[in-house]
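Here are my comments on the model you sent, set out as numbered points. Please read them with the structure open.

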Amino acid sequence: MSKNQIHRDLVLQGGGTLGAYEAGVLKILCKNLAEQEKENGQENKMLFDIVAGTSIGATNGAILVSQFLVC
């Protein structure tokens, strides 16, 4: 990774119904980041370098990452 490249990490917390809020925020966040990456000519790459979470946050993180692995 070069010095000018952005490094993004995503850490999601657990907490039952909080997962529904996380899912909504992730949807908008990923959409906005994907648009920025496309404008910068860096589309079709992972938006986050590290994704971690506990409980429902781990589940949301796994779903998020799996969307990038499906071709």
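**Notes on the fold and its core**

1. Strand S1 (residues 9-12) and strand S2 (residues 50-53) pair in the parallel sense, and 4 bridges join the two. Please keep in mind throughout that this is a predicted model. Within the pairing, valine 11 of the chain has alanine 52 in S2 standing opposite.

2. How are the two strands and the helix arranged together? Taken in combination, S1, H1 and S2 form a β-α-β unit, and this unit is right-handed.

3. The largest nonpolar core comprises 8 residues, namely Leu10, Leu12, Leu26, Cys30, Leu33, Leu47, Phe48 and Leu64. At least two of the residues in this core come from S1, and at least two come from H1. It is H1 that gives the most to this core, with 3 residues.

4. Leucine 12, which is one of the core residues, deserves a separate look for its contacts. Once residues up to four places away in sequence are set aside, leucine 12 touches Glu22, Leu26, Ala52, Gly53, Thr54, Gly57, Asn60 and Gly61; among these partners, Leu26 is also listed in the core.

5. Is glutamate 37 buried or exposed? This residue lies in helix H1 (residues 18-39), and glutamate 37 counts as buried because its relative accessibility is 4%, where the cut-off for buried is under 20%.

6. Which residues surround glutamate 37, leaving aside its neighbours within four places in sequence? On that basis, glutamate 37 is in contact with Arg8, Gln42, Glu43, Lys45 and Leu47, and of these contacts Leu47 is also a member of the largest nonpolar core.

How values were computed. Residues are numbered from 1 along each chain as its sequence is written. This is a predicted model: local features need pLDDT of at least 70, side-chain atom pairs count only at pLDDT 80 or more; totals for chains, interfaces and linings use all residues. Side-chain values use heavy atoms; hydrogens and water are left out. Buried means under 20% relative accessible area, exposed over 50%, partly exposed in between (1.4 Å probe, protein chains only). Contact means heavy atoms within 4.5 Å. Two strands pair if DSSP finds at least two bridges between them. A crossover is right-handed if, with the strands pointing away from the viewer, the path from the first strand over the helix to the second runs clockwise. A nonpolar core is a set of buried Ala, Val, Leu, Ile, Met, Phe, Trp, Tyr and Cys residues joined through side-chain atoms within 4.5 Å.
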